[in-house]
Amino acid sequence: MDLDGQVFVVDTKGLYWVRFCVSRVASNIERPHGLKYSLTLHGPGGVRLIGFDNAHPIRQSSRPGGKSLGPVDHMHRMETVRVYRFKDAATLIEDFWTEVDKFLKQRGVL
């Protein structure tokens, strides 16, 4: 919860940054852990490159009428979305930074 609203620049040129949005919500089927979160890495122009969130269900198909899955924990990497298995907040943060580091190294930023 302490990270809510925090923004951190993660490269020396100031082109890549991360943002944390976290709030406590009532536990339910979609958010049994009682958190609504969005942890994102942004690149030049503010484009989202990596995102871990539970803001919406994952669609099984991009076609009209495609069904959505629940629970809603998932990870975005560019245009790809996959289920994220939420364990706890500490693991979420660790997994997010691992993906950010991997992505930035692949791009030659780190």
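These legends go with a set of close-up views of one predicted protein model.

A note before you start: this is a predicted model, so local features are reported where pLDDT is at least 70, side-chain atom pairs where it is 80 or more, and totals for chains, interfaces and linings use all residues. Residues are numbered from 1 along each chain as its sequence is written, and side-chain values use heavy atoms, with hydrogens and water left out.

**View 1. The whole chain has one helix and eight strands.** Helices (H or I, at least four residues) and strands (E, at least two) are DSSP runs, numbered from the N terminus. Follow the chain and you meet β-β-β-β-β-β-β-β-α. Of the 110 residues, 34% are buried; here buried means under 20% relative accessible area, exposed means over 50%, and partly exposed is in between, with a 1.4 Å probe and protein chains only. The accessible surface comes to about 6900 Å², and 53% of it belongs to carbon and sulfur atoms. That area comes from the Shrake-Rupley method with a 1.4 Å probe, and for residues only the protein chains shown count as cover. Now take the contacts (heavy atoms within 4.5 Å): among those between residues at least 6 apart in sequence, 38% join residues at least 24 apart.

**View 2. Strand β3 pairs with β2 and with β4.** Two strands count as paired if DSSP finds at least two bridges between them. Strands β2 and β3 run antiparallel, joined by eight bridges, and Trp 17 sits opposite His 42 of β3. On to β4: five bridges join β3 to this strand, again antiparallel, with Leu 41 opposite Ile 50. The β3 and β4 hairpin has five residues between its strands, and there Gly 45 takes a positive phi near 80°. Is β3 mostly covered or mostly open? Mostly covered: six of its eight residues are buried.

**View 3. Strands β7 and β8 make a hairpin with two residues between them.** Strand β8 covers residues 80–83 and pairs with β7 in the antiparallel sense over four bridges. Arg 77 has Thr 80 in β8 as its bridge partner. Between the strands, Met 78 takes a positive phi near 55°. Keep an eye on Arg 77, as this residue turns up again in View 6.

**View 4. The largest nonpolar core holds 20 residues.** A nonpolar core is a set of buried Ala, Val, Leu, Ile, Met, Phe, Trp, Tyr and Cys residues joined through side-chain atoms within 4.5 Å. In soluble globular proteins, nonpolar side chains tend to be buried together. Which residues touch the most other members? They are Tyr 37, Leu 41, Phe 52 and Phe 96. The elements giving two or more residues to this core are β2, β3 (35–42), β4 (48–53) and α1, with the largest share, five residues, coming from α1. Zoom in on Phe 52 and you'll find among its contacts Tyr 37, Leu 39, Met 75, Tyr 84, Leu 92, Phe 96 and Glu 99, leaving aside residues up to four places away in sequence.

**View 5. Aromatic rings form a cluster.** Rings of Phe, Tyr and Trp (its six-membered ring) pair if their centres lie within 6.5 Å; planes under 30 degrees apart count as stacked, over 60 as edge-to-face and the rest as tilted. That rule gives seven aromatic pairs. Take Phe 20 and Trp 97: their ring centres are 6.0 Å apart and the planes are at 50°, so this pair is tilted. Phe 20 lies in strand β2 (residues 17–24) and Trp 97 in helix α1 (residues 89–106), so the pair ties together parts 77 residues apart in sequence. Phe 20 is buried, at 1% relative accessible area, whereas Trp 97 is partly exposed, at 27%. Ring pairs link these two with Phe 8, Phe 52, Tyr 84 and Phe 96 in the cluster.

**View 6. Glu 99 meets both Arg 77 and Lys 102 in salt bridges.** A salt bridge is a side-chain nitrogen of Lys or Arg within 4 Å of a carboxyl oxygen of Asp or Glu, and the whole structure has two. Glu 99 and Arg 77 meet at 3.4 Å, N to O. This pair links distant parts of the chain, with Glu 99 in helix α1 and Arg 77 in strand β7 (residues 74–77), 22 residues apart. For Lys 102 and Glu 99 the distance is 3.2 Å, N to O. Those two are three residues apart in helix α1, which means that about one helical turn separates them. Glu 99 is buried, at 10% relative accessible area; Arg 77 is partly exposed, at 22%, and Lys 102 is partly exposed too, at 39%.
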